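Reader: Please take one part of this model and go through it closely. I would like to know what sits in the interior and what surrounds it.

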Amino acid sequence: MKIFTAAQIKELDKYTIEHEPIKSIDLMERAARELTRNICERWDNEVPVVVFAGPGNNGGDALAVARMLIGEGYKVQVYLFNITGKLSADCAENRQRLIDRKAKVLIEVTQEFDPPRLEQGTLVVDGLFGSGLNKPLSGGFASLVKYINSSKAEVVSIDMPSGLMCEDNTYNVSANIIHATVTLTLQQPKLSFFFPENQQYLGDVDVLDIGISNEGIQQTDAQFTLLERDTVAPLLMHRNEFAHKGSMGHALLVAGCYGMAGAAILAGRACMRSGVGKLTIHTPKRNVAILQCSLPEAILDIDREETTFTEPLATEDFKAMGIGPGLGRSDNTAIALIAQLRRTQCPIVADADALNIIANRHAWLQQLPKGIILTPHVKELERMEGQCIDSYERLVKARELAERLQGYVVLKGHHTAICMPDGHVAFNSTGNAGMATAGSGDVLTGIITGLLTRGYSRQHACMLGVYLHGLAGDLAAESLGQESLMASDIIDYLPKAFSAMEAGSSMSL
């Protein structure tokens, strides 16, 4: 699914109107029918409804919804804010249509506003401002938002909670944004919906298809997309019946200082579960016994040091390398790390302590090989790129880093963002809060390394790896619950995640 900016949404509306063709007022009517249907499914007509409509097209949507709710037997009060005496054309038309019903429910606010009582059990329809808002609310509208938020009424927001902007809310005023119970967004989720600090405003989100032109959507380039099953499943490769372990690829993991062998085990097991033919783990001497017992399928390459990684390997025999889980941050390890990165010719996934070492030696960023895949969580990214005010700024920095390195930055989170060398960002749609547990990132490193080894491109390995990682977590949570989920459970459910996707796959190897 493409995620469009506010400017692109406006152009797509225009394209639909011109090419369907359909009048703008009729497109608004179509949106209002979908909004009304959803509201009626959630609340019966015994619930009193208060509609707040702004002067633009979001207000026009709200007025049309009010008219339709009246037709469904709801008791509705409508407040239209026409402070400047300038309504959008479609808002003005829906104002007249509501007046023509002779329902006498419309109060048009031009100066003074006497707010209604918003009691528990009341439903507020928020149609003040939508995706076109480009600055924080202030003055009377900010006061109204605070009044609504202070009430016990439930709130359904049309397209966007009023006050929330479509993309960048870095300098927005939190107190002046509606806290919706439900957000009914039109056609597609908005970029700001994918940032954790904005979840408090959204409530439950439903995406309503209002029939925006498919041709227009296909022709419009989007910098942001949402990974969904129908996008990712066709990337899956099938095994040739005559495959053998040599044709399935040989992976290398450099992981686990003494005391952190678990990270190497998790990454190694995930790598093996991702279909590789062979796996070599380079690790210190003291990790040998536990790795041999925990992962007998892996080959061990043993560092000369007892407890740390200190000697880089030749990588000519490997299809891909993962480096960093549980690696430690000693000076000797740091020197070995940069030497390893410089000499490695195959695709690289760098995670955890590999990222922390680089962050502490910032000049080394310039020495990272083209095409490298970095998988930082929020704090690891900020150690490399500096503190961020919010998730939007963090995403901007992650995109800039990917473009600067001509590599991939997999910024982990609820909607993990894959930032690509060309500036494109793909958000993940799988995963759950139960995966917020130690070792989940090591598992992702193993999965992506395994997929690279199997022969997937860097882009496809990132996309498929992130999606499968989240899907396995979802399947594990469905069976075990989120509260008790561990990283090893994600690995255990990887086979089911692959099986769940196989029906939609088409590629072969």
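Author: In this predicted model, the largest nonpolar core has 93 residues, and those touching the most other members are I39, V76, I323, L341, L374, L395 and F427. Helix α3 (residues 57–71) supplies the largest share of this core, with 8 residues. Another core lies apart from it; this one has 43 residues, including V443, A476, Y493 and F498. In soluble globular proteins, nonpolar side chains tend to be buried together.

L395, one of the residues that touch the most other members of the largest core, shows what such a position looks like. Beyond its neighbours within four places in sequence, L395 is in contact with L191, F195, F224, A417, C419, V425 and F427. F427 is itself on the list of residues with the most core partners.

Next, helix α12. This helix covers residues 353–360, and 7 of its 8 residues are buried, so α12 is largely enclosed by the rest of the structure. The buried ones are D353, A354, L355, N356, I357, I358 and A359. Their cover includes the strands β13 (320–323), β14 (348–350) and β15 (373–374), together with the helices α11 (331–343) and α13 (378–385).

Finally, a single residue of helix α15 (residues 440–454), namely T449. T449 has a relative accessible area of 0%; buried means under 20%, so T449 counts as buried. Setting aside neighbours within four places in sequence, T449 is in contact with A251, L252, L253, C271, A320, M321, G322 and V349. Strand β13 (320–323), part of the cover of α12, takes in A320, M321 and G322, three of the residues that T449 contacts.

Key: Residues are numbered from 1 along each chain as its sequence is written. This is a predicted model: local features need pLDDT of at least 70, side-chain atom pairs count only at pLDDT 80 or more; totals for chains, interfaces and linings use all residues. Side-chain values use heavy atoms; hydrogens and water are left out. Buried means under 20% relative accessible area, exposed over 50%, partly exposed in between (1.4 Å probe, protein chains only). Helices (H or I, at least four residues) and strands (E, at least two) are DSSP runs, numbered from the N terminus. Contact means heavy atoms within 4.5 Å. A nonpolar core is a set of buried Ala, Val, Leu, Ile, Met, Phe, Trp, Tyr and Cys residues joined through side-chain atoms within 4.5 Å.
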